[in-house]
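Biologist: I am new to this structure and would like to learn how to read its features one at a time. Could we go through it together, with the general idea first and then the case at hand?

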Amino acid sequence: MNAGHLDMGHGEPPVSGPIPQTDLEQKLRHREAAGRGDPCSPEVMDCRASLAMTGLFMESAARQSMQSDPTPIHTDALVIGAGPVGLFQVFQLGLQGIHAQVVDVQDQAGGQCIELYPDKPLYDIPGLPYSTGRDLTQRLLEQVAPFNPAFHFSQQVSQLSRQTGGRWLVGTSTQQFLTRTLFVAAGVGAFVPKELKVDGLAAFAGSQLFYRLNPAERFKGMQVVVVGGEESAVNNAIALAEGTYQVTGVTLVHRRDVLQASPEALERLAQLRASGRITFITGQITGIETQGERLTAVAITTPADQTLNVVLDALLVNQGISPKLGPVAQWGLAMARKQLSVDPATFATSEAGIYAVGDINSYPGKKKLIVCGFHEATLAAFAAAAYLNPQASGVLQYTTSSALLQQRLGVKTATSPPAG
Ligand SMILES: Cc1cc2nc3c(=O)[nH]c(=O)nc-3n(C[C@H](O)[C@H](O)[C@H](O)COP(=O)(O)OP(=O)(O)OC[C@H]3O[C@@H](n4cnc5c(N)ncnc54)[C@H](O)[C@@H]3O)c2cc1C
């Protein structure tokens, strides 16, 4: 391994002297310092979303992470990614008696299942003839509950450095972890919203430019322009126009006049358009107007090459999301075709104590299927248990009959006397 790759920030600051900051970074610092307090506040998260999209977030996060919280959380196991495989990794670690911390850049668990196909059917999960992405995620969360994992959402892991004694220092923008084992279950990467690229627009991220609806209360009294033509854009425009959030007006903008959403959503949209509560414009945002520090309007170019100026207070961009492998590729772990190379007997990477499971890994015969990720997580947990405690017997136990496993699961043990 190239130690230089891993030694990002350990022991010495990543950069010395004043750190040059972009406008967006300055804005993020300002928002964080202004005591909106919560580093995961919507304003800060929208700034982060924009920084991530412009490729600056990772760099910015690396600069900050050693400063935000100097006290690392000590743990035996840290899982990067709360997708289906990361969640099952937590379960298998729990059976081995290993408690896990879990970090995900998303604000909820489920990975691709939740981000890409929450309501689509899955037919190939063992023992579940039919489920949906959301249903499977819910079941996995129920399954890990007995092991009480600590979830850290809305945080992108950016830093990794080896410490003395074989531990790994892992850093997000706001938290550090000192872990004995690390499980990279980062899938196809961190999902970030697709950016609306218009000159000068990024500077308004978090103040007037948003990539997520919630908290929708922030739009009270505002003229909101929603951009996008798929389910999330249509649903968000409807939610804003329904009246609950007391917005002044809603305009939905999409480059085509065909929208992709459920029949129910399209019918509701048609009703709201007919009543004048939603204005729909076919076209693309090609420019902005500002007054002082405020974004006041967007210029929309229509298919007929006309330009319409639409006055606004807030711009909500919902053009979908795309995965970015991001920092994982820069940690110096052995890779093959953008995946982490692993030993298929243990799912260990090229570094002792670091395992890779799910869509992120590569080995002969690899298939990017959830069931394969579950198998990988199982063997990785066994391997990690042996790594953490070489003296342990490593004897295979069944949940059906092992009192120890049932105790860890918090269920009645096989030898418990019947109640009453
Ligand atoms: C449309 C579609 C349908 C599919 N249907 C099926 C099917 O029917 N059956 C099947 O078996 N498989 C299916 N798959 C594939 C399946 O979804 C994946 O194999 C599975 O999601 C992989 O799980 P994972 O946990 O490895 O990764 P993911 O689900 O990708 O989760 C990875 C998580 O890691 C997070 N992350 C990444 N990098 C970082 C970082 N640096 N810091 C913090 N968090 C990070 C991400 O935000 C994400 O939440 C389908 C995929 C798609 C796109």
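Biologist: Which residue takes a positive phi just after H9?

Modeller: In this predicted model, the residue is Gly-276, whose phi is about 85 degrees, just after H9. Helix H9 itself covers residues 263-274, and its 12 residues reach 16 Å from the first C-alpha to the last, which is close to the 16 Å expected at 1.5 Å a residue.

Biologist: How do I read the packing of two helices, and at what angle do H5 and H7 pack?

Modeller: One compares the directions of the two axes, and angles under 35 degrees count as roughly parallel. Helix H5 (residues 84-95) and helix H7 (residues 133-144) pack at about 20 degrees, with their axes 9 Å apart, and therefore H5 is roughly parallel to H7. The crossing of the two helices, H5 and H7, is left-handed.

Biologist: Which residues of H5 and H7 make the contact?

Modeller: An α-helix has 3.6 residues a turn, so residues three or four places apart point the same way. Here H5 contributes Pro-84, Leu-87, Phe-88, Val-90, Phe-91 and Gly-94, while H7 contributes Leu-136, Thr-137, Leu-140, Leu-141, Gln-143 and Val-144. By character, the residues of this contact divide into 9 nonpolar, 3 polar and no charged.

Biologist: And for the chain as a whole, how many helices and strands are there?

Modeller: The chain has 11 helices and 22 strands, and 40% of its 420 residues count as buried. Of the contacts between residues at least 6 apart in sequence, 66% join residues at least 24 apart.

Note on methods
Residues are numbered from 1 along each chain as its sequence is written. This is a predicted model: local features need pLDDT of at least 70, side-chain atom pairs count only at pLDDT 80 or more; totals for chains, interfaces and linings use all residues. Helices (H or I, at least four residues) and strands (E, at least two) are DSSP runs, numbered from the N terminus. A residue is buried if 20 or more other C-beta atoms lie within 10 Å of its own, exposed if 12 or fewer, and partly exposed in between; C-beta atoms are placed from the backbone. Two residues are in contact if their C-beta atoms, placed from the backbone, lie within 7 Å. Axes are lines fitted to C-alpha atoms, for helices over the stretch in contact, and angles run from 0 to 180 degrees between N-to-C directions. Angles under 35 degrees count as roughly parallel, over 145 as roughly antiparallel, 65 to 115 as roughly perpendicular and the rest as oblique. A crossing is left-handed if the near helix is turned anticlockwise from the far one by less than a right angle, and right-handed if clockwise. Ala, Val, Leu, Ile, Met, Phe, Trp, Tyr, Cys and Pro count as nonpolar, Asp, Glu, Lys and Arg as charged, and the others, Gly among them, as polar. The expected span of a helix is 1.5 Å times one less than its number of residues.
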